[in-house]
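Hi there,

Here is the structure I promised to pass on to you. Have a look at it first, and my notes follow below.

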Amino acid sequence: MVTAWDPTTAGVLRLPSGRLVRGRGLRHPVPPDPLPTFALYLLGHEPPPVAWESRWVRWPDFWLPSDHAGTADALREAWMRARTERVEVACAGGYGRTGTALACLAVLDGIPNREAVAYVRKHYAARAVEMPWQRRFVSRFR
């Protein structure tokens, strides 16, 4: 049986439903146990292999994902899996793309689009969702 993230761990975002998702920057070492059971990696290049199940979304730094429909599908998978698994969402720095993805997960969890960025900035990182077009992506996410 998989146990959830410790909600007090750095980088863990609690969504209104109670789902816990860890955001992080891949530039930093993997935090100590527990490890994720599923990860969504948001990078412009394929990530290195990991010991857990993962999915890659081609998403260049400071931009938007290359495939919006595929990204929406990956985010829905991450949100669904977060109900019973330790899900990690990560990009290189852990703020722009990761924050954007976490805000989209908040929308899936019931937060209105116009409030999702503020929610993530308050509960995850004040620097989350760095670019205006990333904020617009969240505002239009379905």
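A residue is called buried here when its relative accessible area is under 20%, exposed when over 50%, and partly exposed in between. Please keep in mind that this is a predicted model.

Let me start with the charged side chains. How many salt bridges does the structure hold? There are 10 salt bridges.

One of them brings together the side chains of R19 and D109, with 3.5 Å from N to O. This pair connects distant parts of the chain, 90 residues apart. R19 sits in the loop between β1 (12-14) and β2 (20-25), while D109 belongs to the loop between α2 (96-108) and α3 (113-123). Are the two partners buried or exposed? D109 has a relative accessible area of 13%, which is under 20%, so D109 is buried. R19 also counts as buried, because its relative accessibility is 11%.

R81 is worth a click as well, since R81 takes part in a salt bridge with E53 and in another with E77. For R81 and E53, the closest N and O atoms are 2.7 Å apart. That pair also links distant parts of the chain: R81 is in helix α1 (residues 68-81) and E53 in strand β4 (residues 53-58), 28 residues apart. With E77, the closest N and O atoms are 2.9 Å apart. Here both residues lie in helix α1, four residues apart, or about one turn of the helix. Shared partners join these salt bridges into one network made up of E53, R55, D73, E77, R81 and E85. Within that network, R81 counts as buried because its relative accessibility is 15%. E53 is partly exposed at 45%, and E77 is partly exposed at 23%.

Now for the helix that carries R81. α1 has 14 residues, and the distance from its first C-alpha to its last is 20 Å, close to the 20 Å expected at 1.5 Å a residue. At its N-terminal end, D67 acts as a cap, with a side-chain oxygen 3.2 Å from the backbone nitrogen of A69. Which residues of α1 are buried? They are T71, A72, A74, L75, A78, W79 and R81. The buried residues of α1 pack against three strands and two helices, namely β3 (38-43), β4, β5 (87-91), α2 and α4 (132-140).

That leaves the sheet. Five strands form an open sheet with mixed pairing, in the order β1-β2-β5-β3-β4. β1 and β4 are at the edges and each has a single partner strand, so one side of each has no neighbour in the sheet. From one strand to the next, the twist averages 25 degrees. In general, the strands of a sheet pair through backbone hydrogen bonds, in either a parallel or an antiparallel way. β3 and β5 pair in the parallel sense, over four bridges, and L40 has V89 in β5 as its bridge partner. α2 lies across β1, β2, β3 and β5, and runs at about 140 degrees to β5.

If you open just one view, I would pick R81, with E53 and E77 as its salt-bridge partners.

Happy browsing, and all the best!

Note on methods: Residues numbered from 1 in each chain as written. Predicted model: local features only at pLDDT ≥ 70, side-chain atom pairs only at ≥ 80, totals over all residues. Heavy atoms only, no water. Salt bridge = Lys/Arg side-chain N within 4 Å of Asp/Glu carboxyl O. Buried < 20%, exposed > 50% of the residue type's maximum accessible area, 1.4 Å probe, protein only. Expected span 1.5 Å × (residues − 1). Contact = heavy atoms within 4.5 Å. Polar contact = N/O pair within 3.5 Å; in protein donor to acceptor, adjacent residues only side chain to side chain. Pairing = 2+ DSSP bridges. Axes fitted to C-alpha atoms, helices over the stretch in contact; angles between N-to-C directions.
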